[in-house]
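Hello,

Here is the structure I promised to pass on. Please open it alongside this email; my notes follow below.

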Amino acid sequence: ILKSFESPVVAYHHLMFELTKLEAKAISLVYDNPDTVENIYITGGFVKNDIFCRLLATFLKNKKVYKAEIYNATALGTAMVINKNITAGDIEINLEEIQPIKF
């Protein structure tokens, strides 16, 4: 209920906080042993959302979270699945480490 928030900006930040918290939980459920995963890479449209990226880095504080600019990432992932000879080393990736929010 939007009336319960001070402003649309506060409502948006609350929404991003809750969605990102769910995303961090979903990421931890994917792995049998989440402690073995050191790096998380964000690709796609959400790399442009600084609030999402920084919140994710905050929720996954034991991981390094990176924005990865990869053009045609979906096609590349498909090619890597089909052709086992293609590796991430064969492509150019621009990585930027995301800093967690300090409270």
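**The sheet and its helix**

Start at one bridge: Y41 is partnered by Y66 in β2. One residue along, I42 has K67 of β2 as its bridge partner. Keep in mind that this is a predicted model.

Those pairs belong to a longer match. Strand β2 covers residues 64–69, and β1 and β2 run parallel, joined over 4 bridges.

Now the whole sheet. The sheet is open, has 3 strands and follows the order β1-β2-β3, and its pairing is mixed. β1 (39–42) and β3 (94–98) are the edge strands, each pairing on one side only. From one strand to the next, the twist averages 30°.

A helix sits against this sheet. Helix α2, residues 50–59, packs on the sheet and touches β1, β2 and β3. The direction of α2 makes about 150° with that of β2.

Next, look at the side chains of β1. Which of them are buried? I40 and I42 are, and these two point to one face. N39 and Y41 point to the other face and are not buried. That fits the general pattern: in a regular strand, side chains alternate between the two faces of the sheet.

Last, the connection. The chain leaves β1, passes through α2 and arrives at β2. This β-α-β crossover is right-handed.

Best wishes

Conventions. Residues are numbered from 1 along each chain as its sequence is written. This is a predicted model: local features need pLDDT of at least 70, side-chain atom pairs count only at pLDDT 80 or more; totals for chains, interfaces and linings use all residues. Side-chain values use heavy atoms; hydrogens and water are left out. Two strands pair if DSSP finds at least two bridges between them. Axes are lines fitted to C-alpha atoms, for helices over the stretch in contact, and angles run from 0 to 180 degrees between N-to-C directions. Contact means heavy atoms within 4.5 Å. Buried means under 20% relative accessible area, exposed over 50%, partly exposed in between (1.4 Å probe, protein chains only). A crossover is right-handed if, with the strands pointing away from the viewer, the path from the first strand over the helix to the second runs clockwise.
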